[in-house]
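Visitor: Mind walking me through this one? I'd like to start with a pocket and then move on to the sheet.

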Amino acid sequence: MAEFKPDIVVLPGRLEASIEEGSYVVMSERNFNVIFNDINLTVVSSIAKGISRFNELLKATSVPRGQLSRHLRTLIKSGWLIKGSSGYGFAASVYVVSTVEEVNGTIIIRLLPNKGAFADPVHGLVIFRDSARDYCSTCPLRMLCTRNVKDMAIKYGIKLHSPEPAEAYMEIFRNLILLNLVKRFKTGSVNLRVLGN
């Protein structure tokens, strides 16, 4: 079962897709927002369930062949998906939205902690933008998500402060950025793969 709201998408539970944990994609807001198209969400949800080949996606999504091809190309170009020998898959386990600007010859990259996504093989896929709002009080997945965020917090060693699951998902995301990506930028190196236009 998945829950699609205007600013948050939750697909809780074990993902069948192959995901490299600890991998990051840093993307523009424009590329991030590609995911909030209904067909793109349907495609990504199907891939999360382990449906990775084009013909399988065609059948699972009921999207016409040409249209599905266009949406898959868009998802690959924007950084959401990759295409390999076994079909389509997630490009990373964590998707971080960034802004880039140049100030007096210095390039400044800002990571936005209120927009992003993460795919955890055991706990599911969460995509969110802006505020978490009050989606949880009326959501049929509230109890499942509450259990899910507690288990994720334990897995990643994060102490949660947010009482609502949507807020807690965002808190986990911010911590994943701070614990891993920002730490790598500060103390080590980050290997970047630049996608073509």
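Visitor: By class, what does the lining of the second largest pocket have?

Guide: Quick caveats: this is a predicted model, where local features need pLDDT of at least 70, side-chain atom pairs need 80 or more, and totals for chains, interfaces and linings use all residues. Numbering runs from 1 along each chain as its sequence is written, and side-chain values use heavy atoms, without hydrogens and water. Ala, Val, Leu, Ile, Met, Phe, Trp, Tyr, Cys and Pro count as nonpolar, Asp, Glu, Lys and Arg as charged, and the others, Gly among them, as polar. On that split, the lining has nine nonpolar, eight polar and two charged residues.

Visitor: Which strand gives the most to the lining of the second largest pocket?

Guide: A pocket is an open set of points on a 1 Å grid over the protein atoms alone, where a 1.4 Å probe fits, with protein on both sides within 12 Å along at least five of seven lines; lining residues have an atom within 4 Å of a point. Strands are DSSP runs of E, at least two residues, numbered from the N terminus. β4 (81-84) and β5 (87-90) each supply at least two lining residues. The top giver, with four residues, is β5.

Visitor: In β8, what is the bridge partner of Val9?

Guide: Strands β2 (residues 8-12) and β8 (residues 124-129) pair in the antiparallel sense over five bridges; pairing takes at least two DSSP bridges. Val9's partner in β8 is Ile127.
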